[in-house]
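User: Please examine this protein and answer some questions on its surface, a pocket and its aromatic rings.

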Amino acid sequence: MSKVKYYYDSDTQSYRKIERRKGRRIGIVLLSILGSFLAGFLLLVIYLNIPQIVTPKEKALKRELQNMELQYGLLNKKMGQIQNVLANIEDRDNNIYRVYFEANPIPEEQRRAGFGGINRYKDLEGFDNSKLIIETSKRMDILTKQLVVQSKSLDEIASLAKEKESLLSSVPAIQPVKNVDLSRIASGYGWRTDPFTKVRKFHHGMDFSAPRGTPVYATGNGRIERADNRSTGYGNHIRVDHGYGYTSLYAHLYKYNVRVGQRVQRGDIIGYVGSTGRSQGPHLHYEIFKDDQRINPINFYYGNLSPEEFDKVLEKAQQENQSLD
């Protein structure tokens with residue numbers, strides 16, 4: 001409770017109570033507020049002009065923040081380099097590897113597909129460097145997805161390459177008898193004179209003249225499908241199933257060097273030249289089937305002939321002479 005003050009009135013010769021004026025009271029309040037504001041402003045000016053005192057912990061945190069920004073910058077630079085390398089790999093993958101192995105290119109939209117759904121980076125918002133961190137995280141996620149897509153593509157290419165290697169090893173690609181001087185081709189594929197009837201007849205294979213007992217070689221990797229004499233005219237003969245629709249036949253053999261079901265490699269000796277069955281003399285009759293259709297064997301000697309040698313073989317095979325079977 002505030003004290004009551006009095007003053008002496010000489011006119012009335014008595015003490016009178018001092019009454020505070022309302023306007024004065026308001027003025028005092030306003031003056032106090034103004035004083036407080038001026039004091040605060042003065043203190044703020046002094047604070048801003050005086051060097052702030054930084055604690056060791058604050059200094060360590062500041063250095064850590066600067067280092068983090070530097071590392072994020074370096075990380076983004078490295079990711080840019082990685083993306084350039086990956087783009088080059090993707091280009092070769094689509095335009096070289098997948099073309100060579102007859103695989104469809106991976107669509108660009110599949111390689112660059114983004115991430116749907118909720119905001120994946122919500123937890124990274126609200127910080128001083130949120131933009132930097134979020135952009136880096138986005139680039140890292142996209143790069144990771146691109147690497148996954150490319151990795152799966154290369155796995156597919158590796159599988160196709162393995163299959164291609166198996167195909168190239170299996171398809172007949174050499175002559176069935178050694179032909180160093182290129183003189184053993186007696187008759188080719190096409191219309192020839194039958195040695196027994198002397199009429200023109202279509203000859204479905206190639207005849208290689210050779211002495212009895214000359215080794216006969218498998219022309220590609222495969223499995224022995226038949227090794228018998230139960231096919232009219234062929235005598236002792238062998239059929240090799242190479243897979244991929246290819247079969248090779250070796251007829252008029254003297255004897256076999258394999259059994260049914262056996263796996264053979266290109267260049268393995270599978271039998272020996274003879275003159276069994278419908279044969280005019282010792283020779284090997286050689287045929288190739290593709291999807292059960294006979295095709296010209298002349299197109300399957302690229303494995304051991306130079307272009308010049310192939311031209312000589314082609315010239316001899318095209319002569320319309322008499323076949324030996």
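The questions and answers below take these topics in turn.

Analyst: This is a predicted model, in which local features need pLDDT of at least 70, side-chain atom pairs count only at pLDDT 80 or more, and totals for chains, interfaces and linings use all residues. Residues are numbered from 1 along each chain as its sequence is written, and side-chain values use heavy atoms, without hydrogens and water.

User: Which elements give two or more residues to the lining of the second largest pocket?
Analyst: A pocket is an open set of points on a 1 Å grid over the protein atoms alone, where a 1.4 Å probe fits, with protein on both sides within 12 Å along at least five of seven lines; lining residues have an atom within 4 Å of a point. The second largest pocket is lined by 16 residues, with Lys-201, Tyr-234, Arg-278, His-285 and Asp-325 nearest its centre. Two strands (DSSP runs of E, at least two residues) give two or more residues to this lining: β5 (200-203) and β14 (283-290).

User: Which element gives the largest share of that lining?
Analyst: The share in question amounts to three residues of the lining of the second largest pocket. They come from β5.

User: What kind of aromatic pair do Trp-191 and Phe-202 form?
Analyst: Rings of Phe, Tyr and Trp (its six-membered ring) pair if their centres lie within 6.5 Å; planes under 30 degrees apart count as stacked, over 60 as edge-to-face and the rest as tilted. The structure holds five such pairs. For Trp-191 and Phe-202, the values are 5.5 Å centre to centre and 90° between the planes, so the pair is edge-to-face.

Notes: Helix = DSSP H or I, 4+ residues; strand = E, 2+ residues; numbered from the N terminus.
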